[in-house]
Amino acid sequence: MTDTILTNGTGDRGGRDSYFKKGCSPNAQTGRSKLQNKRATLNQQIIKQMRMRAGAENLLKATNNNKVKEMVLLELSYVNSDLQLLMGQLEGLNSSMEVYQNTEETANIPLIALGLKETKEIDFSSPFKDFILEHYSEDGRSFEEELADLMDLRQSCRTPSRSEAGVELLASYYSHLPLIESRFFSPTRQNGIFFTWYDSFTGVPVCQQNLLLEKASILFNMAALYSQIGTRSDRQTRVGLEQAIAAFQKAAGVLNLLKETFTHIPSYDMSPAMVSMLIRLMLAQAQQCLFEKMALPGVSNQFYALIRMAQEAAKVSEVFDQVHQFMIQTPIKDNVPLFWSTMSLVKTNHYRSMAHYFVAAALLDHELGPRDDEDQQEKMLSQVYDQLPEGRTPIDILKNKDERKRFGKAHIRRAVSGHEEALRIYSLCEHLTKLEALKDILKASHQRSLEKYSDFENEEEFTDYVDAPDITSKTEHRAEMEVPAATKVKVIDFFQRLGPLAIFSAKQKWTPPRSVRIYPEDRDEGFTLKGESPVQVVSLDPHCQAAGDGLKEGDYIVAVGKTDSKWMGVSEVMQLLKDVDEEGTEIQVVSLMDSNPSMPAKSATFCGNLPKTYSMICLAYNDEEKPLKNRKVTKKSSFLSWGMKNKMKSASMLNLPTMDHSGAMSWNKPIPTFPSSSLKPNYLY
């Protein structure tokens with residue numbers, strides 16, 4: 001564990017508190033950490049009030065006493081009122097954008113970051129120790145260090161740092177979860193561990209005994225962390241903008257992975273509808289950063305540059321309008337903070353007004369000259385509009401000075417009215433009014449449009465009035481979802497000492513380890529070993545001493561003497577066994593227990609996933625009444641030729657003889673070794 005922890009620089013204080021995992025900042029006194037602490041406190045208060053409400057409702061159903069009912073109804077009104085206040089406070093925390101923004105950010109519109117989901121601490125120690133003893137027949141106390149590492153990793157994931165290291169920390173735990181699930185979560189029994197996570201929008205707790213909620217919540221927090229990295233980036237520099245774009249696209253990619261992988265999570269913040277909205281929000285913010293990246297060096301006062309920026313701004317307005325439409329749909333609007341939907345609407349109006357301003361500048365500040373490419377300008381302007389007023393064409397607007405001025409003034413009027421609408425919506429939201437930087441940007445944009453309008457204001461305003469058409473959005477750089485490589489981190493199984501996961505998992509049932517003594521005289525005619533790790537006993541001579549001592553066909557050798565052999569191959573086990581002296585040596589073996597019901601003997605012929613030679617051997621060996629030379633093998637139809645789906649399904653679900661070596665099945669009998677070029681070499685003792 002020492003290679004994954006860092007000192008926090010506390011010097012000689014020492015102790016467990018002086019170290020933390022890389023990517024974890026549990027003691028950071030930042031605005032973001034304080035916000036998360038407030039969120040955790042609110043979640044506890046919410047769950048307390050919900051328990052009180054549930055108890056009062058149960059009492060109301062159980063009693064027939066009118067006085068008791070009146071008292072309960074009064075108490076319920078107080079509890080519901082407290083819940084509403086707590087929900088309002090939680091919405092305020094979700095609306096606290098300033099703590100997620102760059103500290104030096106003053107010239108850009110703020111961005112929305114997702115808050116991390118909160119969870120309760122879990123003690124894996126006792127349940128996993130009991131499971132190791134009962135299922136794997138090993139002393140759970142010998143795995144205390146591995147259990148401590150697992151719990152430390154999960155605890156660190158509750159306070160990840162806002163950096164790539166924090167994302168990698170979450171991804172590391174996420175990659176461990178399938179291994180933990182395979183080791184300790186049996187489909188036939190519960191281990192008594194409850195995973196509790198709180199809805200990030202409502203604070204309502206969700207509790208499950210399986211790992212689906214745990215996996216989904218870690219993915220959600222990865223996306224939330226990417227969104228916080230994006231909002232924290234310095235958008236006054238090209239590098240910072242590129243970092244923000246990448247972070248929001250990765251956040252969208254992780255959320256999409258969450259949506260496609262976990263479709264029935266009972267927490268509403270991870271429901272398909274909510275996640276779809278969050279994906280659109282992340283991509284919209286990435287599109288906003290792409291626009292800011294294009295405008296960072298300044299917008300050239302040229303016809304083509306202005307038209308291009310107008311369509312880019314229209315694209316940003318379009319995507320935020322789509323986000324806003326999602327947010328106001330039921331039931332999303334009941335769970336999303338009002339601040340979020342209001343901010344999306346403000347951006348919709350702001351960027352639409354910017355698009356009209358750029359088109360107005362292109363028409364009013366420039367004229368079609370003899371050196372200009374008339375066809376190219378006509379093509380550019382025709383792409384700006386989906387539909388023009390009847391009787392007007394792009395070439396008429398470009399060539400006719402009065403018409404050009406008339407349309408330019410129409411666009412600037414729409415820019416002014418749009419900025420005024422954005423300011424009006426801004427003033428209606430209590431949490432938005434706290435963002436002074438946003439107010440300054442909206443006012444500056446409005447003033448710029450007013451100044452442009454005043455330059456071309458005249459007395460003929462009412463005679464040459466025309467409505468400006470909508471601007472068609474177009475972008476050269478579309479924000480796309482990006483699944484980060486961090487979601488596929490390679491990790492080392494904490495519990496690899498239990499053996500290869502393909503064999504030693506919670507789904508398999510084993511007999512307790514048995515001791516079998518191997519003698520030198522078994523070397524030539526005892527049994528055959530095969531497999532990778534652990535090695536398996538096949539072709540056992542029923543008359544050898546090892547068989548008499550309890551060795552069975554299909555047993556797995558897990559130890560030779562005092563050496564653990566779960567991860568050893570055939571050659572390594574051979575090396576340990578070849579030095580057997582006259583007194584012999586003990587090996588530890590386990591047998592796989594089949595919990596499935598017995599199948600008819602004829603099902604053994606359906607060997608769709610086995611090599612054809614082995615399938616033929618099974619069929620031939622069942623014909624016991626004929627000599628080996630006279631045995632006939634009935635030719636079966638090729639598995640690939642089975643066209644009916646139900647036949648393929650039944651074949652794939654049957655218990656094949658190679659999967660059960662416990663001797664419980666009627667067809668499970670010792671078979672002779674058949675040479676085959678397609679099979680791995682066997683080793684005889």
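Which residue stands opposite E586 of β11? The residue is R517, and this pair is a good way into the model.

A few ground rules come before the tour. This is a predicted model, in which local features need pLDDT of at least 70 and side-chain atom pairs count only at pLDDT 80 or more, while totals for chains, interfaces and linings use all residues. Residues are numbered from 1 along each chain as its sequence is written, and side-chain values use heavy atoms, with hydrogens and water left out.

**Strands around β11**

Helices (H or I, at least four residues) and strands (E, at least two) are DSSP runs numbered from the N terminus, and two strands pair if DSSP finds at least two bridges between them. Strand β11 (residues 585-590) runs antiparallel to strand β6 (residues 514-518), and five bridges join them. Strand β9 (residues 556-560) also pairs with β11 in the antiparallel sense, over four bridges. In that pairing, I557 stands opposite V589.

**Salt bridges**

Side chains of opposite charge can pair when their charged atoms come close. Here a salt bridge is a side-chain nitrogen of Lys or Arg within 4 Å of a carboxyl oxygen of Asp or Glu, and a search of the whole structure finds 22 of them. Three are set out below.

| Salt bridge | N to O distance |
|---|---|
| R154 and E214 | 2.6 Å |
| R238 and E242 | 3.4 Å |
| E586 and R517 | 3.6 Å |

E586 lies in strand β11 and R517 in strand β6, so their salt bridge ties together parts that are 69 residues apart in sequence. For accessibility, buried means under 20% relative accessible area, exposed over 50%, and partly exposed in between (1.4 Å probe, protein chains only). E586 is partly exposed at 37%, and R517 is partly exposed at 25%.

The salt bridge of R154 and E214 links distant parts of the chain, with R154 in helix α4 (residues 144-156) and E214 in helix α6 (residues 212-232), 60 residues apart. R154 is buried at 4% relative accessibility, and E214 is buried at 0%.

R238 and E242 both belong to helix α7 (residues 238-261), where they sit four residues apart, about one turn of the helix. An α-helix has 3.6 residues a turn, so residues three or four places apart point the same way. E242 is partly exposed, at 34%. Elsewhere, E138, D564 and K566 are linked in a network of salt bridges.

**Helix α9 and the nonpolar cores**

Helix α9 (residues 303-327) has 25 residues and spans 36 Å from its first C-alpha to its last, close to the 36 Å expected at 1.5 Å a residue; the expected span is 1.5 Å times one less than the number of residues. Because 18 of its 25 residues are buried, α9 is largely enclosed by the rest of the structure.

A nonpolar core is a set of buried Ala, Val, Leu, Ile, Met, Phe, Trp, Tyr and Cys residues joined through side-chain atoms within 4.5 Å. The largest one has 134 residues, and F128, L255, W340 and F495 have the most contacts inside it. Helix α10 (residues 338-364) gives the largest share of this core, 15 residues. A second, separate core of 19 residues includes L529, I557, M568 and I587.

**A buried loop residue**

F527 lies in the loop between β6 and β7 (528-530). Is F527 buried or exposed? At 1% relative accessibility, F527 counts as buried. The C-alpha atoms of F527 and C544 are separated by 8.4 Å, with these positions 17 residues apart along the chain counted as their distance apart.
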